[in-house]
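Colleague: I have some questions about how this chain is put together. Can we go through them in order?

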Amino acid sequence: MASAGASTVPPLPRAGQDRGGGWRWLFVLALAVTSLALGYLLLPLPSLDRGQRLSTLVLARDGSILRGFLSADGKWRLPTSVDQVDPLYRRILIAAEDRRFADHLGVDPLAVLRAAGQWMTHGHVVSGASTLTMQAVRLLERRPRTLISKLVESGEALALERRLDKDAILGLYLTLAPFGGNLEGVRAASLAYFGKEPAHLTAAEAALLVAIPRSPERLRPDRHPEAARQARDAVLARAAAAGIISDAALAEASAEPVPSLRAALSFRAPHLAKALRGDGPLVRTTIDPRLQNAVEDLLRREAGTLDPQATLAALVVDNRTRNLLAYAGNADFHSGPRRGTIDMARAVRSPGSALKPFIYAMAFDRLIIHPETILNDQPQHFGEYAPVDFDGQFRGEVTAREALQHSLNVPAVAVLDRLGPARFVSALAAAGIRLKLPQPTSEPGLAVALGGDGISLVDLAALYVALSHDGAIAPLRLRVDEPERRETTIFGPVAAWYVNDILGSAPPPPGMLPVEVRRARRLAFKTGTSYGFRDAWAAGYDAEVTIAVWAGRPDGTPLPGITGRTAAAPVLFKIADLLGPPSTNAPKPPPPGALLVARRNLPAALQRLDPGPAERAGRDPGGPKILYPPDGSIVEWHGEEVPLEAAGGRGPLRWLADGRPLPQSAPRQELFWTLAGVGFARLTVVDAAGRSAHATVRLQP
């Protein structure tokens, strides 16, 4: 590699040993000149393929590396251009390797004559004549170190200079130079040995990076620090002799220790990087690197307060551009292949009550209800479906505002019954938000209001961003070069303002001080908890940002006691605190058409919600029906209690497992089944009228 490296070319005999030596030298010189002339005229440009087989890099919006992936041949080979390295490094490199680089055409004739004269005088190679262009050619295609190879490389260097400018040629060297192990290129080496980009190097760092490629394995500082130090100091001495650095700088640089460890490449937003890996060798995302680091650190800390098998995922979105500013698919990527590597931001899970704001928004938009419309929160049957509130209590008559603010289940189901679950699901699908139903071929049911469907955190965040865009949904932007997508409006600005006004008045989660005390962002937010405590959600937003958080176990097993309000919402507010105060906390004024009146002044049709078709049919309920676990299902069981859920029938309901009665729960409280072991089990539920339903399930570890 180096101009002064060893060679396998045999030494010439000394004068007096072979009287014909001079003629042979003239013949070799004539052959070289002829070969170079032919090479300049006839040789094609050397293949640039190796310089294009690069590591894939996923970058933050400022160009810093989020995560890299090895090249196809297992190298850390990072693309490096001249303007990405410190000018001091370039000056030392050219002084040490090819001081006439700017002037020659690929081969330095003066260096060739000097090397030839030394060869004739001493009978062996004293210094080489390789230019940086020739070294770039050699790095593009490895050949045996023979005289013929030297001639071919010289000719190809001339051809390379015909096609590429000096900066591009130097960029090839900067990208391909070996630095020990699987490190190639000065950028990979600087990140590995110094933990920083090569744009700002000390004299000692620059000299070490010049020295290592001369003998990459022998001069690896992490394995041979003394050899690396001596080689670095030799380069520093040469730089001082050339006037590049002062004597004082030489002394200071020589005293600097060489790195003893090789650092790992940056590993941020690993799940997002993996998802975007196929988009090209260089992917620039919209991620804010400082916020990404802060969110990842926060999630790791907060996950430590949860169950050992639980984790967190979080997104932060710039509402104005829909750019993702932070993407944490899991609290700890390295926590195990069955947990940490799963991207929970894209996993489809039950959202619990997190979709209720959009049911209300569509109902507001279609003038089915108004925030002051009276809804009934009392035991009701919607066909065979009989929802209960999360706390098992009923509050009687409430306004739609109160029902959404307190996330009451029965009113939400009643509103969806009037709106139509198929209409709701179809409107989301038309905007690109496709809910996953339990049975893909079945019609959407009223359970959609309470999380009887599936959605990803990414799609949920896109929905909540729409509340800051007057009801218009568009996909989130992950890459800076991604064009803005077409918006689809699913409700209008009046409905969006109603929802924002309602959610903006929600009290903060437990342990979180009011916004006035904390001097933080005033977030409108909503939580959700899926059935059986499998998933906890929180989504919050203001005019500038939307934050979405998920908590739970990646394997989908229950986590009793975990709720969106206690597990996800506190994390959401802590992420908001990382962002600092907003430009303004002033609420958005109501848009034209907003009806700000008391209930008694509403039109008659909006004063009270009329029953929907399922509610009318449910006034004569049929027998009970087992909702969970469904008949024929396979339930993963890891020693925890299994929740039971039934709908319909006349209460109270009684449960039996393999014919043995289970302890009866309090009215409208969830019942958990304590299993004796794995295998098949037959469940039975019986209502007060003696009607029953059965389900046979298989329990497996």
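**Contacts, cores and one threonine**

Modeller: In this predicted model, contacts between residues at least 6 apart in sequence join residues at least 24 apart in 70% of cases.

Colleague: How many helices and strands does the chain have, and what share of its residues is buried?

Modeller: The secondary structure comes to 23 helices and 22 strands. The chain has 701 residues, and the buried share is 53%.

Colleague: Which helix gives the most to the largest nonpolar core?

Modeller: That core has 89 residues, and those touching the most other members include Tyr360, Phe364 and Phe491. With nine residues, the greatest contribution to this core comes from helix H18 (residues 457–466).

Colleague: How many residues are in the second, separate core?

Modeller: Its members include Ile65, Ala95, Leu158 and Leu176. The size of this second core is 61 residues.

Colleague: Is threonine 529 buried or exposed?

Modeller: Threonine 529 lies in strand S12, residues 524–529. Its relative accessible area is 15%. The cut-off for buried is under 20%, so threonine 529 counts as buried.

Colleague: Which backbone nitrogen does the side chain of threonine 529 reach?

Modeller: Beyond four places in sequence, the contacts of threonine 529 include Pro351, Phe390, Asp535, Ile562 and Gly564. One of these residues also supplies the backbone nitrogen, at 2.9 Å from the threonine 529 side chain: glycine 564.

Conventions: Residues are numbered from 1 along each chain as its sequence is written. This is a predicted model: local features need pLDDT of at least 70, side-chain atom pairs count only at pLDDT 80 or more; totals for chains, interfaces and linings use all residues. Side-chain values use heavy atoms; hydrogens and water are left out. Helices (H or I, at least four residues) and strands (E, at least two) are DSSP runs, numbered from the N terminus. Buried means under 20% relative accessible area, exposed over 50%, partly exposed in between (1.4 Å probe, protein chains only). A polar contact is a pair of N or O atoms within 3.5 Å; within protein, one must be able to donate a hydrogen and the other to accept it, and residues adjacent in sequence count only if both atoms are side-chain atoms. Contact means heavy atoms within 4.5 Å. A nonpolar core is a set of buried Ala, Val, Leu, Ile, Met, Phe, Trp, Tyr and Cys residues joined through side-chain atoms within 4.5 Å.
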